[in-house]
Amino acid sequence: MFRSIRKKQNEISVEEAKEVIRCSRRGILAVNGDDGYPYAIPINYLYDEDTEKIYFHGAKAGHKVDSLKACDKICFTVCGNETIKDLDWAPYVKSAVVFGRCHLIEDKKIAVDALKKFAMKYYPTEKMVDDEIAATGNATQMFEIEIEHISGKEVAEK
């Protein structure tokens with residue numbers, strides 16, 4: 001159902017692609033937007049290795065929410081793990097592409113647990129996370145991406 005990487009010499013393993021997702025801080029979420037136009041936005045996220053799902057937060061209303069209610073299919077892309085190998089001016093960059101389905105998390109306890117795990121990735125202390133959740137947690141909607149397919153590649157920028 002999902003296409004394979006065209007240039008096999010650039011393909012990385014699924015585990016390497018998951019590592020790119022684990023280590024990066026931002027990715028681009030693409031949904032089916034209004035009037036058949038794609039809608040792609042940068043998001044902060046958490047890849048939870050235990051559940052093998054991606055979590056992110058957002059508002060309870062808006063273009064993204066409307067699009068996901070109309071069609072839950074998404075594409076999520078992350079670039080990262082830039083390294084220098086051969087030439088000091090031409091980095092190698094890894095990227096990962098995820099296809100899946102995205103849902104709003106309706107269960108309050110699951111949403112708060114996901115929000116805390118997510119926030120621990122970005123905040124330096126658990127106290128700061130707890131304070132922020134207490135202050136703004138009720139206004140935050142959590143989303144989860146159920147991963148159906150992951151692929152990745154590494155290319156040299158030369």
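Two strands count as paired when DSSP finds at least two bridges between them. That is the sense in which strand pairs are described in the legends below, and the model shown is a predicted one.

**Figure 1. Strand β8 meets strand β5 in an antiparallel pairing.** This view takes in 6 bridges that join β5 to β8. Strand β5 covers residues 53–58, while β8 covers residues 141–156. To find your place, start from Lys53: its bridge partner in β8 is Glu146.

**Figure 2. Strand β7 pairs with β8 over 13 bridges.** Strand β7 spans residues 92–104, and its pairing with β8 is antiparallel. A handy landmark is Val97, which stands opposite Ser151 in β8. As you step along a strand, it helps to remember that side chains in a regular strand alternate between the two faces of the sheet.

**Figure 3. The short stretch of residues 11–12, strand β1, also pairs with β8.** Here 2 bridges link the strands in the antiparallel sense. Glu11 has Lys153 of β8 as its bridge partner. Keep Lys153 in mind, as that residue returns in the next view.

**Figure 4. The largest pocket holds about 250 Å³ of space.** It is lined by 13 residues, and those closest to its centre are Ser4, Ile5, Arg6, Lys7 and Lys153. Which strand gives the largest share of the lining of this pocket? Strand β8 does, with 4 residues. Both β7 and β8 supply at least two lining residues each. By class, the lining of the largest pocket divides into 4 nonpolar, 5 polar and 4 charged residues.

**Figure 5. Ser4, one of the residues closest to the centre of the largest pocket, is picked out here.** Ser4 belongs to the segment before β1. Is Ser4 buried or exposed? With a relative accessible area of 54%, Ser4 is exposed, the cut-off for that class being over 50%. For a sense of scale, the C-alpha atoms of Ser4 and Arg25 are separated by 25 Å, although the two residues are 21 apart along the chain.

**Figure 6. The second largest pocket has a volume of about 210 Å³.** Among its 15 lining residues, the closest to its centre are His57, Leu115, Phe118, Tyr123 and Glu132. Three elements each give at least two residues to the lining of this pocket: β5, α3 (108–122) and α4 (126–136). The lining of the second largest pocket has 8 nonpolar, 6 polar and 1 charged residues.

**Figure 7. Lys116 makes a salt bridge with Glu126 and another with Asp130.** Side chains of opposite charge can pair when their charged atoms come close. For Lys116 and Glu126, the closest N and O atoms are 2.6 Å apart. Lys116 sits in helix α3 and Glu126 in helix α4, so this pair ties together parts that are 10 residues apart in sequence. The salt bridge between Asp130 and Lys116 has an N to O distance of 3.0 Å. Asp130 is in helix α4 and Lys116 in helix α3, so this pair ties together parts that are 14 residues apart in sequence. How exposed are the partners? Lys116 is partly exposed, at a relative accessible area of 25%; Glu126 is partly exposed at 42%; and Asp130 is partly exposed at 35%. Elsewhere in the model, salt bridges that share partners join Glu15, Lys18 and Glu52 into one network.

**Figure 8. A salt bridge joins Asp72 to Arg101.** The closest N and O atoms of this pair are 2.8 Å apart. What does this contact link? Asp72 lies in the loop between α2 (63–70) and β6, whereas Arg101 lies in strand β7, so the pair ties together parts that are 29 residues apart in sequence. Arg101 counts as partly exposed, at 28% relative accessibility. The count of salt bridges in the model comes to 14.

**Figure 9. Confidence along the chain averages a pLDDT of 92.** Of the residues, 96% score at least 70. Which elements have the lowest and the highest mean pLDDT? Strand β6 (residues 73–83) has the lowest, at 89, and strand β2 (residues 26–32) has the highest, at 98.

Notes: Residues are numbered from 1 along each chain as its sequence is written. This is a predicted model: local features need pLDDT of at least 70, side-chain atom pairs count only at pLDDT 80 or more; totals for chains, interfaces and linings use all residues. Side-chain values use heavy atoms; hydrogens and water are left out. On a 1 Å grid over the protein atoms alone, a cavity is a set of points where a 1.4 Å probe fits but cannot get out, and a pocket is an open set with protein on both sides within 12 Å along at least five of seven lines; lining residues have an atom within 4 Å of a point. Grid points are joined across faces, edges and corners, and a volume is the space filled by probe spheres set on the points. Ala, Val, Leu, Ile, Met, Phe, Trp, Tyr, Cys and Pro count as nonpolar, Asp, Glu, Lys and Arg as charged, and the others, Gly among them, as polar. pLDDT is the predictor's confidence in each residue, from 0 to 100. A salt bridge is a side-chain nitrogen of Lys or Arg within 4 Å of a carboxyl oxygen of Asp or Glu. Buried means under 20% relative accessible area, exposed over 50%, partly exposed in between (1.4 Å probe, protein chains only).
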